[in-house]
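Visitor: Could you take me through one part of this model at close range? I would like to begin with a patch on the surface and then move on to the place where the chains meet.

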Amino acid sequence: MTARPLRATDLLVVAAGGALGALLRLAVDTAAPDSLFPWPTLGINVVGAFALGLLPALTVVRRSPQVALALGPGVLGGFTTVSAWAGQVRALADDGHTGLAGLCLVATLAAGLVAAALGQHLARGAAPPESQT
Amino acid sequence: MTAVLVALGAVVGAPLRYVIARALDGRFPTGMLLVNVVGSGLFGAFAAMALGDAGWALLGTGFCGAFTSFSSFAVQAVERPARTATAYVVATAVLSVGACAVGWGLVSAVG
């Protein structure tokens, strides 16, 4: 992807996808019941990491760099977030919930990395052999 | 109104992330690390500012939320060799939470 020169349309596509992803995140946050542990952000980040790993399984993503940009750095980039995760860990620790802060930090990392690896693994299985090179 | 502000913040944050990551990511994802640490620092600072619902939707949920990205971080980590991945994961977790605490602390101290 870095071999391709940066185009203005790439930025527009990432911006539009990012806005859609952020709105999806807002919808999940709004729909989720209030809880001390930030489940919505954990779920968003784990699902988003899995989906980004799985993305190359879609033929349209392998064929079109702009669809790949719209869905990857765009939708999934805007949907998932490190800042809210860091903010929630900080807030839990500051409020004296040190154990929950540590759990939020570690559980997000562990589940997110496993999800990304699993998504990639499934994508490799799904993609036709010639597209793997 | 909240949705419009979140989308507006994300329209700026997401392409800004893409440009920085594209320019600086290499064998080590320096660009994404920088984005996630700076975005988390700003998130902490904005949280301490008591911005109100509209300001928070634009800057916190919209801009910082879409500027930083967990999915890119996670996929980059699992694609790297073990030592690079470990350094990247530890650096992202420690520096992002640290920056968020510093941002929060600085604004709280001033305000």
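**A nonpolar patch and the A–B interface**

Guide: Happy to! In this predicted model, B:Leu24, B:Leu34, B:Val38 and B:Leu42 together make a nonpolar surface patch of about 300 Å². Helix H2 of chain B, residues 30-48, supplies the largest share of that patch, with 3 residues. B:Leu42 lies in this helix H2 of chain B.

Now let us turn to the interface. Here 45 residues of chain A are in contact with 39 residues of chain B. Between them the two chains bury about 3,200 Å², and carbon and sulfur atoms account for 76% of it. On the chain A side, the residues that lose the most area to chain B are A:Val82, A:Ser83 and A:Arg90, which together make up 19% of what that side buries.

As for polar links, the rule finds 0 salt bridges across the interface of chain A and chain B, while it does find 12 residue pairs in polar contact there, counting pairs with both residues at pLDDT 80 or more.

Several helices of chain A each bring at least two residues to the side that touches chain B: H1 (8-31), H2 (39-54), H4 (65-79), H5 (83-94) and H6 (98-126). H1 of chain A gives the most, with 10 residues. Sorted by character, the residues on this side of chain A are 25 nonpolar, 15 polar and 5 charged.

Notes:
Residues are numbered from 1 along each chain as its sequence is written. Chains are lettered from A and ligands numbered from 1 in the order in which they are written. This is a predicted model: local features need pLDDT of at least 70, side-chain atom pairs count only at pLDDT 80 or more; totals for chains, interfaces and linings use all residues. Side-chain values use heavy atoms; hydrogens and water are left out. Contact means heavy atoms within 4.5 Å. Buried area is the accessible area (1.4 Å probe) that two parts lose on being put together, summed over both. A salt bridge is a side-chain nitrogen of Lys or Arg within 4 Å of a carboxyl oxygen of Asp or Glu. A polar contact is a pair of N or O atoms within 3.5 Å; within protein, one must be able to donate a hydrogen and the other to accept it, and residues adjacent in sequence count only if both atoms are side-chain atoms. Helices (H or I, at least four residues) and strands (E, at least two) are DSSP runs, numbered from the N terminus. Ala, Val, Leu, Ile, Met, Phe, Trp, Tyr, Cys and Pro count as nonpolar, Asp, Glu, Lys and Arg as charged, and the others, Gly among them, as polar. Patches are made of residues with over 30% relative accessible area and no salt bridge: like charges are joined within 9 Å, nonpolar side chains (Val, Leu, Ile, Met, Phe, Trp, Tyr) within 5 Å. Accessible areas come from the Shrake-Rupley method with a 1.4 Å probe; for residues, only the protein chains shown count as cover.
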